[in-house]
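Here's a quick tour of a protein chain, written for someone who'd rather look at atom pairs than admire ribbons. Have a look at the sequence and the coordinates before reading on.

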Amino acid sequence: EILSTNKVPSLRSVYLDWTFDESFAALCEGLSRGSVSPPLLVEMWLEDARGPDSDGGAIKLAEVIRAGKLSGLRTLRLMGFDGVSRPVGVELGEAMTHSAASLHFLEEMGVYWRGGCTADFLEGLSRGTGSLPRLHTFSFPHFGSTIGTVGAQSLSALMAAGRVPALRDLTPSLNGIREEGMQAFAAALSSPNVTALRNLELKFGVADGAANVVAHVNMLSVVLSSGRLRRLEDLCLSGLGTIEEVLSLCVGLGSGELSSLRKLQIRDSKLGVEGGRALSEVLIAQKLPCLRAFGAQKAMLTDGGVSALLDGWTSRDPPPLHHLNFLSNSLTNEVVDPLLRLFDSQRVPALESVNLDCNSGIEYGRGKPGRLLRLAFQEMLSEDYDDIW
């Protein structure tokens, strides 16, 4: 009530970390007696109560938002395992885009629920008639969850209709969605209403046999080749399980339509030798002229795959790379020679860091290859990668 009735007029920012329980319902009751509006901005991190008790708090929050009493909401994070019941998830999502909600200052939203709750929330979001004009970051968990087919369709409808025009960072898990969900999402990425998008992080994969991942990557590759995402700067893909999927991705990467891409990551995938060889054909200056960082983390990349990638840069102009990340693969000291050749050739003069951590076959200080690797890359191999990746 103090917040909603402006009892502290100098207050400009409030952070609330709460659980969807009876005390949160009481908080919402107090907020409903006035309104929290700019210049006071609120950041909410809300966790479910692990049971039906979450519904009461979520319903109260939906009522406050729908009534336009929380127009100062700047950040919303919904966390937990159980989330809320389906009707309440839909109700809360619908309140966010209700015509009277006026969430014109909402900039960041994250939905970290498991199960179907995320899809329910997205379905509600797409039902409302209002927009979220300043929302620039919309994030989802990549492990143990998926937005589902209905969630993908709902998110796509929101994007294609231009109701999140400032969306810059998007990280949905598409694991296990059906073809109609991916079709809708690919169409939304091709919409002229998503031109603000700069960072796209997607997780593919098969859940209960529902997904044809090759077909899904094909659809994404068509979008990458269309020129609609030519302003994209960061692309991260997870869950590519076959060489067919990698080859399909390379069609989009090699289209020449990603001229602004600065960082590319492939994670939790299966690249092997063939994947490295396929990437060597497209990770070149002609195709990706602005690429500064490439990473293949937990991607089952082998010595032969790295060698094919690096050798490709001896015959074709490499992009202006600053950082390479080969964390947690299947590499051994056999990669030393191709790395040294690349280093000596000065073909990648801007290279600042090479991450080879968590490759059990690499022994930096043992034997001649290990000593050479440490000597040649001692500064690069001691970088702090947190800021890069």
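What follows goes from the whole chain to its salt bridges, then to a helix pair and a single serine.

**The chain as a whole**

First things first: this is a predicted model. The chain has 389 residues, and 53% of them count as buried. Its secondary structure comes to 12 helices and 12 strands. The accessible surface adds up to about 15,800 Å², with carbon and sulfur atoms owning 49% of that. If you take the contacts between residues at least 6 apart in sequence, 87% of them join residues at least 24 apart.

**Salt bridges**

How many salt bridges does a search of the whole structure find? The count is 14. Here are three of them, with their N to O distances.

| Pair | N to O distance | Separation in sequence |
|---|---|---|
| Arg77 and Glu108 | 3.2 Å | 31 residues |
| Arg168 and Glu233 | 3.7 Å | 65 residues |
| Arg316 and Glu281 | 4.0 Å | 35 residues |

Take Arg77 and Glu108, whose side chains meet in a salt bridge. This pair ties together distant parts of the chain, with Arg77 in strand E3 (residues 73-79) and Glu108 in strand E4 (residues 108-112). Is Arg77 buried or exposed? Arg77 has a relative accessible area of 10%, so it counts as buried. Glu108 sits at 25% relative accessibility and is therefore partly exposed, since the buried class stops under 20%.

Next up is the salt bridge between Arg168 and Glu233. Both ends are in loops: Arg168 lies between H5 and strand E6 (169-171), while Glu233 lies between helix H7 (213-226) and strand E8 (234-238). Arg168 is partly exposed, at 36% relative accessible area. Glu233 is partly exposed too, with a value of 26%.

The side chains of Arg316 and Glu281 form another salt bridge. Arg316 is in the loop between helix H10 (303-315) and strand E11 (323-325), and Glu281 belongs to helix H9 (residues 272-282). Arg316 has a relative accessible area of 25%, which makes it partly exposed. Glu281, at 45%, is partly exposed as well.

There's also a network to look at: salt bridges link Arg86, Asp120, Glu123 and Arg127.

**Helices H9 and H10**

H9, the helix that holds Glu281, packs against H10. What angle do the two helices make? It is about 15 degrees, and their axes are 7 Å apart. That angle makes H9 roughly parallel to H10, because anything under 35 degrees falls in that class. The crossing of H9 and H10 is right-handed.

Which residues make the contact? On the H9 side they are Gly272, Val273, Gly276, Arg277, Leu279 and Ser280. H10 brings Gly304, Gly305, Ala308, Leu309 and Gly312.

**Ser156**

Last stop: Ser156, which you'll find in helix H5 (residues 148-160). Why does Ser156 count as buried? Its relative accessibility is 3%, and the buried class covers values under 20%. So what is Ser156 in contact with, once its neighbours within four places in sequence are set aside? The partners are Ala184, Phe185 and Ala188.

Technical notes: Residues numbered from 1 in each chain as written. Predicted model: local features only at pLDDT ≥ 70, side-chain atom pairs only at ≥ 80, totals over all residues. Heavy atoms only, no water. Buried < 20%, exposed > 50% of the residue type's maximum accessible area, 1.4 Å probe, protein only. Contact = heavy atoms within 4.5 Å. Areas by Shrake-Rupley, 256 points an atom, 1.4 Å probe, with all protein chains shown as cover. Axes fitted to C-alpha atoms, helices over the stretch in contact; angles between N-to-C directions. Parallel < 35°, antiparallel > 145°, perpendicular 65-115°, else oblique. Left-handed = near helix turned anticlockwise from the far one by under 90°.
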